[in-house]
Amino acid sequence: MTHTNPNNSSALQSKVQAALRVEPHIDAAAEIRRRVDFLKQYALKAKSKGYVLGLSGGQDSTLTGKLAQLAVNELNEEAGEDRYQFIAVRLPYGVQQDEADAQEAIRFIGPTRVVTIHIKAAVDASVHEFMQATGESLSDFLKGNVKARERMKAQYDLGAHYGLLVLGTDHAAEAISGFFTKFGDGACDVAPIYGLNKRQGRALLKQLGCPEALYLKQPTADLEDLKPGLPDEAALGVTYEQIDDYLEGKPVAPAAAAIIERRYLATEHKRQGPVTVYDTWWTE
Ligand SMILES: Nc1ncnc2c1ncn2[C@@H]1O[C@H](COP(=O)(O)OP(=O)(O)OC[C@H]2O[C@@H]([n+]3cccc(C(=O)O)c3)[C@H](O)[C@@H]2O)[C@@H](O)[C@H]1O
Ligand SMILES: Nc1ncnc2c1ncn2[C@@H]1O[C@H](COP(=O)(O)OP(=O)(O)OP(=O)(O)O)[C@@H](O)[C@H]1O
Ligand SMILES: [Mg+2]
(Lines give C-alpha, C1' and ligand atoms only; values in the text may rest on other atoms or scores of the structure.)
(Ligands and ions follow the chains in the order given, each with its own letter.)
Protein backbone atom coordinates (compact mmCIF):
# COMPACT_ATOMS: atom_id res chain seq x y z
CA MET A 1 0.00 0.00 0.00
CA THR A 2 1.34 3.39 -0.89
CA HIS A 3 1.17 5.95 1.89
CA THR A 4 0.81 9.40 0.57
CA ASN A 5 0.96 12.59 2.49
CA PRO A 6 -2.49 14.01 2.91
CA ASN A 7 -0.74 17.36 2.70
CA ASN A 8 1.12 16.60 -0.53
CA SER A 9 -1.01 18.95 -2.48
CA SER A 10 -1.61 21.10 0.56
CA ALA A 11 -1.25 24.82 0.56
CA LEU A 12 1.69 24.50 2.97
CA GLN A 13 3.75 22.22 0.72
CA SER A 14 3.26 24.55 -2.24
CA LYS A 15 4.01 27.57 -0.08
CA VAL A 16 7.26 26.03 1.21
CA GLN A 17 8.35 25.00 -2.28
CA ALA A 18 7.77 28.51 -3.57
CA ALA A 19 9.32 30.25 -0.54
CA LEU A 20 12.49 28.16 -0.83
CA ARG A 21 12.57 28.57 -4.64
CA VAL A 22 12.72 24.86 -5.49
CA GLU A 23 12.20 23.83 -9.11
CA PRO A 24 11.18 20.16 -9.41
CA HIS A 25 13.27 19.77 -12.58
CA ILE A 26 16.61 21.43 -13.22
CA ASP A 27 19.26 21.35 -15.93
CA ALA A 28 22.49 20.83 -13.97
CA ALA A 29 24.76 22.47 -16.56
CA ALA A 30 22.48 25.52 -16.82
CA GLU A 31 22.31 25.84 -13.03
CA ILE A 32 26.10 25.75 -12.79
CA ARG A 33 26.43 28.46 -15.47
CA ARG A 34 23.77 30.64 -13.83
CA ARG A 35 25.33 30.41 -10.36
CA VAL A 36 28.93 30.95 -11.56
CA ASP A 37 27.74 34.01 -13.50
CA PHE A 38 25.96 35.25 -10.40
CA LEU A 39 29.13 34.92 -8.31
CA LYS A 40 31.15 36.78 -10.96
CA GLN A 41 28.64 39.59 -11.33
CA TYR A 42 28.21 40.01 -7.59
CA ALA A 43 31.97 40.14 -6.93
CA LEU A 44 32.31 42.87 -9.55
CA LYS A 45 29.32 44.84 -8.26
CA ALA A 46 30.53 44.63 -4.63
CA LYS A 47 34.08 45.51 -5.72
CA SER A 48 35.27 42.43 -3.87
CA LYS A 49 38.50 40.56 -4.56
CA GLY A 50 36.76 37.20 -4.39
CA TYR A 51 35.34 34.79 -1.85
CA VAL A 52 36.15 32.75 1.26
CA LEU A 53 34.43 29.58 2.49
CA GLY A 54 34.94 26.90 5.13
CA LEU A 55 35.55 23.52 3.48
CA SER A 56 34.44 20.59 5.63
CA GLY A 57 34.74 17.76 3.13
CA GLY A 58 30.94 17.57 2.93
CA GLN A 59 28.75 17.92 -0.16
CA ASP A 60 27.54 21.49 0.32
CA SER A 61 30.89 23.20 0.80
CA THR A 62 32.45 21.11 -1.98
CA LEU A 63 29.82 22.36 -4.44
CA THR A 64 29.84 25.95 -3.21
CA GLY A 65 33.64 26.06 -3.24
CA LYS A 66 33.85 24.64 -6.77
CA LEU A 67 31.39 27.25 -8.08
CA ALA A 68 33.40 29.99 -6.37
CA GLN A 69 36.71 28.79 -7.84
CA LEU A 70 35.21 28.59 -11.33
CA ALA A 71 33.92 32.15 -10.93
CA VAL A 72 37.31 33.43 -9.71
CA ASN A 73 39.18 31.64 -12.53
CA GLU A 74 36.92 33.22 -15.16
CA LEU A 75 37.19 36.68 -13.56
CA ASN A 76 40.99 36.42 -13.62
CA GLU A 77 41.00 35.27 -17.25
CA GLU A 78 38.77 38.18 -18.21
CA ALA A 79 40.88 40.67 -16.20
CA GLY A 80 44.10 39.34 -17.76
CA GLU A 81 45.71 39.14 -14.32
CA ASP A 82 45.33 37.31 -10.99
CA ARG A 83 43.18 39.95 -9.33
CA TYR A 84 40.64 37.64 -7.66
CA GLN A 85 40.99 34.72 -5.27
CA PHE A 86 39.01 32.02 -3.53
CA ILE A 87 40.27 31.06 -0.07
CA ALA A 88 39.20 27.62 1.13
CA VAL A 89 39.54 27.52 4.89
CA ARG A 90 39.86 24.35 6.89
CA LEU A 91 38.35 24.84 10.34
CA PRO A 92 38.87 21.61 12.29
CA TYR A 93 37.99 21.19 15.95
CA GLY A 94 40.90 18.96 16.96
CA VAL A 95 41.45 16.11 14.51
CA GLN A 96 38.58 15.79 12.04
CA GLN A 97 37.56 12.15 11.46
CA ASP A 98 36.90 12.75 7.72
CA GLU A 99 39.94 14.95 7.08
CA ALA A 100 40.74 12.81 4.00
CA ASP A 101 37.45 13.93 2.42
CA ALA A 102 38.32 17.57 3.08
CA GLN A 103 41.67 17.06 1.33
CA GLU A 104 39.91 15.32 -1.58
CA ALA A 105 37.51 18.29 -1.86
CA ILE A 106 40.48 20.66 -1.95
CA ARG A 107 42.08 18.62 -4.78
CA PHE A 108 38.80 18.69 -6.72
CA ILE A 109 38.26 22.45 -6.27
CA GLY A 110 41.85 23.65 -6.70
CA PRO A 111 41.39 26.76 -4.52
CA THR A 112 43.57 29.81 -5.08
CA ARG A 113 44.68 29.43 -1.49
CA VAL A 114 44.07 27.01 1.39
CA VAL A 115 44.29 28.21 4.99
CA THR A 116 43.78 26.20 8.18
CA ILE A 117 42.50 27.86 11.34
CA HIS A 118 42.15 25.52 14.31
CA ILE A 119 39.03 26.40 16.31
CA LYS A 120 39.53 24.18 19.36
CA ALA A 121 41.41 26.67 21.54
CA ALA A 122 38.85 29.45 20.93
CA VAL A 123 35.82 27.17 21.40
CA ASP A 124 37.21 25.61 24.57
CA ALA A 125 38.06 29.08 25.92
CA SER A 126 34.48 30.27 25.29
CA VAL A 127 32.98 27.24 26.96
CA HIS A 128 35.37 27.62 29.90
CA GLU A 129 34.54 31.33 30.37
CA PHE A 130 30.83 30.51 30.30
CA MET A 131 31.34 28.04 33.13
CA GLN A 132 33.51 30.48 35.09
CA ALA A 133 30.84 33.17 34.76
CA THR A 134 27.74 31.10 35.50
CA GLY A 135 29.00 28.12 37.43
CA GLU A 136 27.19 25.93 34.90
CA SER A 137 28.36 23.93 31.89
CA LEU A 138 27.16 24.46 28.35
CA SER A 139 25.69 21.22 27.02
CA ASP A 140 27.54 19.29 24.31
CA PHE A 141 24.73 20.28 21.92
CA LEU A 142 25.15 24.02 22.65
CA LYS A 143 28.92 23.67 22.40
CA GLY A 144 28.25 22.46 18.85
CA ASN A 145 26.70 25.85 18.06
CA VAL A 146 29.78 27.56 19.56
CA LYS A 147 31.88 25.63 17.01
CA ALA A 148 29.66 26.79 14.15
CA ARG A 149 29.85 30.42 15.34
CA GLU A 150 33.62 30.24 15.80
CA ARG A 151 33.88 29.01 12.18
CA MET A 152 31.75 31.96 11.10
CA LYS A 153 34.10 34.37 12.91
CA ALA A 154 37.19 32.89 11.27
CA GLN A 155 35.65 33.23 7.80
CA TYR A 156 34.71 36.88 8.48
CA ASP A 157 38.24 37.59 9.73
CA LEU A 158 39.71 36.24 6.48
CA GLY A 159 37.07 38.06 4.41
CA ALA A 160 37.69 41.42 6.09
CA HIS A 161 41.47 41.06 5.98
CA TYR A 162 41.72 40.06 2.31
CA GLY A 163 38.73 41.98 0.91
CA LEU A 164 36.67 38.84 0.24
CA LEU A 165 32.99 38.06 0.68
CA VAL A 166 31.96 35.16 2.91
CA LEU A 167 30.09 32.37 1.19
CA GLY A 168 27.40 30.26 2.84
CA THR A 169 26.11 26.82 1.96
CA ASP A 170 22.42 27.26 2.79
CA HIS A 171 20.10 25.45 0.39
CA ALA A 172 16.46 24.40 0.35
CA ALA A 173 16.90 21.02 2.04
CA GLU A 174 18.61 22.73 4.97
CA ALA A 175 16.57 25.92 5.10
CA ILE A 176 13.32 23.93 5.28
CA SER A 177 14.18 22.49 8.68
CA GLY A 178 16.26 25.38 10.00
CA PHE A 179 19.08 22.86 10.37
CA PHE A 180 21.89 25.35 10.79
CA THR A 181 23.24 27.49 13.60
CA LYS A 182 21.72 30.94 13.66
CA PHE A 183 24.54 33.43 13.03
CA GLY A 184 26.90 30.46 12.76
CA ASP A 185 26.94 28.59 9.45
CA GLY A 186 23.66 30.42 8.77
CA ALA A 187 25.60 33.70 8.52
CA CYS A 188 27.15 34.69 5.20
CA ASP A 189 27.28 37.41 2.56
CA VAL A 190 26.35 35.32 -0.49
CA ALA A 191 24.55 31.96 -0.68
CA PRO A 192 25.34 30.44 -4.10
CA ILE A 193 23.46 27.14 -3.78
CA TYR A 194 20.26 28.61 -2.33
CA GLY A 195 17.15 27.12 -3.92
CA LEU A 196 18.64 23.69 -4.63
CA ASN A 197 17.71 20.57 -2.69
CA LYS A 198 20.20 17.88 -1.70
CA ARG A 199 19.81 15.66 -4.79
CA GLN A 200 20.07 18.67 -7.10
CA GLY A 201 23.33 19.63 -5.36
CA ARG A 202 24.58 16.09 -6.06
CA ALA A 203 23.57 16.42 -9.71
CA LEU A 204 25.60 19.63 -10.03
CA LEU A 205 28.66 17.98 -8.46
CA LYS A 206 28.34 15.00 -10.80
CA GLN A 207 28.14 17.36 -13.76
CA LEU A 208 31.27 19.12 -12.47
CA GLY A 209 33.22 15.82 -12.42
CA CYS A 210 33.45 15.58 -8.64
CA PRO A 211 34.70 12.29 -7.16
CA GLU A 212 31.60 10.22 -6.36
CA ALA A 213 32.60 9.59 -2.75
CA LEU A 214 32.28 13.29 -1.96
CA TYR A 215 28.69 13.66 -3.09
CA LEU A 216 27.46 10.21 -2.05
CA LYS A 217 28.74 10.50 1.51
CA GLN A 218 26.39 10.78 4.46
CA PRO A 219 25.69 14.46 5.29
CA THR A 220 26.73 15.41 8.83
CA ALA A 221 26.91 18.62 10.83
CA ASP A 222 29.57 16.86 12.95
CA LEU A 223 29.22 19.34 15.80
CA GLU A 224 28.82 17.18 18.89
CA ASP A 225 31.85 15.76 20.73
CA LEU A 226 29.73 12.93 22.10
CA LYS A 227 28.22 11.99 18.70
CA PRO A 228 31.02 12.38 16.15
CA GLY A 229 29.81 12.27 12.55
CA LEU A 230 26.15 12.06 13.60
CA PRO A 231 24.22 11.78 10.31
CA ASP A 232 21.89 14.74 9.72
CA GLU A 233 19.14 12.25 8.92
CA ALA A 234 19.43 10.68 12.39
CA ALA A 235 19.24 14.11 14.03
CA LEU A 236 16.32 15.24 11.86
CA GLY A 237 14.23 12.06 12.00
CA VAL A 238 13.60 12.22 8.24
CA THR A 239 15.73 11.35 5.22
CA TYR A 240 17.00 13.83 2.63
CA GLU A 241 15.11 11.77 0.02
CA GLN A 242 11.90 12.58 1.89
CA ILE A 243 12.86 16.25 2.30
CA ASP A 244 13.80 16.49 -1.39
CA ASP A 245 10.53 14.85 -2.47
CA TYR A 246 8.57 17.23 -0.26
CA LEU A 247 10.40 20.19 -1.76
CA GLU A 248 9.67 18.96 -5.28
CA GLY A 249 5.95 18.71 -4.51
CA LYS A 250 5.94 14.90 -4.56
CA PRO A 251 3.96 12.66 -2.20
CA VAL A 252 5.71 11.96 1.11
CA ALA A 253 4.79 9.53 3.91
CA PRO A 254 2.47 11.35 6.33
CA ALA A 255 4.73 10.86 9.36
CA ALA A 256 7.70 12.33 7.49
CA ALA A 257 5.64 15.22 6.12
CA ALA A 258 4.46 16.00 9.65
CA ILE A 259 8.06 16.18 10.95
CA ILE A 260 9.15 18.37 8.04
CA GLU A 261 6.21 20.75 8.46
CA ARG A 262 6.63 20.96 12.23
CA ARG A 263 10.31 21.86 11.81
CA TYR A 264 9.56 24.34 9.05
CA LEU A 265 6.96 26.20 11.11
CA ALA A 266 9.10 26.22 14.28
CA THR A 267 12.15 27.68 12.51
CA GLU A 268 10.71 30.61 10.57
CA HIS A 269 12.71 32.97 12.82
CA LYS A 270 15.90 31.47 11.34
CA ARG A 271 14.88 32.32 7.77
CA GLN A 272 13.98 35.92 8.66
CA GLY A 273 16.10 38.84 9.85
CA PRO A 274 15.91 39.84 13.53
CA VAL A 275 12.29 40.45 14.47
CA THR A 276 11.25 44.09 14.71
CA VAL A 277 8.09 45.94 15.61
CA TYR A 278 7.34 46.22 11.87
CA ASP A 279 7.29 42.45 11.25
CA THR A 280 4.08 40.49 11.05
CA TRP A 281 5.25 37.02 9.93
CA TRP A 282 5.22 35.75 13.54
CA THR A 283 1.61 36.67 14.07
CA GLU A 284 0.39 34.50 11.17
N1 LIG B 1 10.71 32.13 18.08
C2 LIG B 1 11.95 32.66 18.03
N3 LIG B 1 12.12 33.91 17.54
C4 LIG B 1 13.36 34.46 17.45
N5 LIG B 1 14.49 33.82 17.85
C6 LIG B 1 14.35 32.59 18.37
C7 LIG B 1 13.09 31.96 18.49
N8 LIG B 1 13.27 30.72 18.99
C9 LIG B 1 14.59 30.59 19.22
N10 LIG B 1 15.26 31.71 18.85
C11 LIG B 1 16.72 31.98 18.93
O12 LIG B 1 17.36 30.98 18.18
C13 LIG B 1 18.29 30.28 19.01
C14 LIG B 1 18.33 28.81 18.58
O15 LIG B 1 18.87 28.69 17.27
P16 LIG B 1 20.33 28.13 17.09
O17 LIG B 1 21.27 28.87 17.97
O18 LIG B 1 20.61 28.06 15.65
O19 LIG B 1 20.25 26.65 17.74
P20 LIG B 1 19.37 25.37 17.42
O21 LIG B 1 18.43 25.58 16.28
O22 LIG B 1 18.79 24.92 18.71
O23 LIG B 1 20.48 24.35 17.04
C24 LIG B 1 21.10 24.34 15.76
C25 LIG B 1 20.70 23.09 15.02
O26 LIG B 1 21.23 23.14 13.71
C27 LIG B 1 22.05 22.02 13.50
N28 LIG B 1 23.20 22.43 12.69
C29 LIG B 1 23.97 23.47 13.10
C30 LIG B 1 25.06 23.86 12.34
C31 LIG B 1 25.36 23.17 11.17
C32 LIG B 1 24.53 22.12 10.79
C33 LIG B 1 24.87 21.35 9.56
O34 LIG B 1 24.01 20.66 9.01
O35 LIG B 1 26.03 21.44 9.17
C36 LIG B 1 23.44 21.76 11.55
C37 LIG B 1 22.51 21.57 14.86
O38 LIG B 1 22.91 20.22 14.84
C39 LIG B 1 21.26 21.84 15.67
O40 LIG B 1 20.34 20.78 15.54
C41 LIG B 1 17.79 30.48 20.43
O42 LIG B 1 18.83 30.32 21.37
C43 LIG B 1 17.25 31.91 20.36
O44 LIG B 1 18.30 32.83 20.49
N1 LIG C 1 35.33 21.18 9.86
C2 LIG C 1 34.98 22.20 9.07
N3 LIG C 1 35.92 22.90 8.40
C4 LIG C 1 35.57 23.94 7.61
N5 LIG C 1 34.31 24.33 7.43
C6 LIG C 1 33.34 23.67 8.07
C7 LIG C 1 33.61 22.57 8.92
N8 LIG C 1 32.44 22.11 9.40
C9 LIG C 1 31.49 22.88 8.87
N10 LIG C 1 32.00 23.83 8.06
C11 LIG C 1 31.27 24.87 7.33
O12 LIG C 1 29.91 24.84 7.78
C13 LIG C 1 29.04 24.58 6.67
C14 LIG C 1 27.80 23.84 7.13
O15 LIG C 1 28.07 22.48 7.32
P16 LIG C 1 27.17 21.39 6.56
O17 LIG C 1 27.45 20.10 7.24
O18 LIG C 1 25.79 21.86 6.46
O19 LIG C 1 27.75 21.36 5.07
P20 LIG C 1 28.80 20.37 4.41
O21 LIG C 1 29.61 19.72 5.47
O22 LIG C 1 29.54 21.17 3.40
O23 LIG C 1 27.88 19.32 3.65
P24 LIG C 1 27.03 18.09 4.25
O25 LIG C 1 25.70 18.69 4.61
O26 LIG C 1 26.91 17.15 3.13
O27 LIG C 1 27.73 17.53 5.45
C28 LIG C 1 29.93 23.85 5.69
O29 LIG C 1 29.39 23.93 4.39
C30 LIG C 1 31.25 24.58 5.84
O31 LIG C 1 31.25 25.80 5.11
MG1 LIG D 1 28.83 18.58 6.97
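How do the residues of the shell around ligand 2 divide into nonpolar, polar and charged? This tour of a predicted model returns to that question after a view of the whole chain and its helices.

**The whole chain**

Begin with the entire protein chain selected and coloured by secondary structure. The chain holds 13 helices and four strands. Its radius of gyration is 19 Å, close to the 19 Å that the globule rule gives for 284 residues, so the chain is as compact as a globular protein of that length. Along the principal axes, the C-alpha atoms fill a box of roughly 60 × 55 × 45 Å.

**Helices α2 and α3**

Next, select helix α2, residues 28-45, and helix α3, residues 59-79. The axes of α2 and α3 are 9 Å apart, and the two helices pack at an angle of about 60°. An angle of this kind is neither under 35 degrees nor between 65 and 115, and α2 and α3 are therefore oblique to each other. Their crossing is right-handed. Now display the side chains in this contact. On α2, show Ile-32, Arg-35, Val-36, Leu-39, Lys-40 and Ala-43; on α3, show Leu-67, Ala-68, Leu-70, Ala-71, Glu-74 and Leu-75. By class, these residues divide into nine nonpolar, no polar and three charged.

**Helices α2 and α8**

Keep α2 in view and add helix α8, residues 198-207. The axes of α2 and α8 come within 9 Å and cross at roughly 90°; the two helices are therefore roughly perpendicular to each other. To see the contact, select Ala-28, Ala-29, Glu-31 and Ile-32 in α2, which meet Ala-203, Leu-204 and Gln-207 in α8. Five nonpolar residues, one polar and one charged make up this contact. Ile-32 deserves a second look: this residue of α2 takes part in the contact with α8 and also in the contact with α3.

**Helices α3 and α4**

Hide α2 and α8, return to α3, and add helix α4, residues 99-109. The axes of α3 and α4 come within 9 Å and cross at roughly 25°. The two helices are therefore roughly parallel to each other, and their crossing is right-handed. Select Thr-62, Gly-65, Lys-66 and Gln-69 in α3, which meet Ala-105, Phe-108 and Ile-109 in α4. The classes in this contact are three nonpolar, three polar and one charged.

**The surroundings of ligand 2**

Now select ligand 2 and the 18 residues around it. Those that come nearest are Gly-54, Ser-56, Gly-58, Ser-61 and Pro-219. Two elements, β1 (50-54) and α3, give two or more residues to this shell. The largest share, three residues, comes from α3, the helix already seen in contact with α2 and α4. The opening question can now be settled: the shell around ligand 2 has six nonpolar, eight polar and four charged residues.

**The surroundings of ligand 1**

For the last stop, select ligand 1 together with its 15 surrounding residues. Ala-148, Thr-181, Lys-182, Ala-221 and His-269 come nearest to this ligand. Which elements each supply at least two residues of the shell around ligand 1? Colouring α6 (140-162) and α10 (232-236) will show them, for each supplies at least two. The largest share of this shell, three residues, comes from α6. By class, the residues around ligand 1 are seven nonpolar, five polar and three charged.

Terms used:
Residues are numbered from 1 along each chain as its sequence is written. Chains are lettered from A and ligands numbered from 1 in the order in which they are written. This is a predicted model: local features need pLDDT of at least 70, side-chain atom pairs count only at pLDDT 80 or more; totals for chains, interfaces and linings use all residues. Axes are lines fitted to C-alpha atoms, for helices over the stretch in contact, and angles run from 0 to 180 degrees between N-to-C directions. Angles under 35 degrees count as roughly parallel, over 145 as roughly antiparallel, 65 to 115 as roughly perpendicular and the rest as oblique. A crossing is left-handed if the near helix is turned anticlockwise from the far one by less than a right angle, and right-handed if clockwise. Two residues are in contact if their C-beta atoms, placed from the backbone, lie within 7 Å. Ala, Val, Leu, Ile, Met, Phe, Trp, Tyr, Cys and Pro count as nonpolar, Asp, Glu, Lys and Arg as charged, and the others, Gly among them, as polar. A residue is near a molecule or strand if its C-beta atom, placed from the backbone, lies within 6 Å of it. The radius of gyration is taken over C-alpha atoms; the globule rule is 2.2 Å times the number of residues to the power 0.38.
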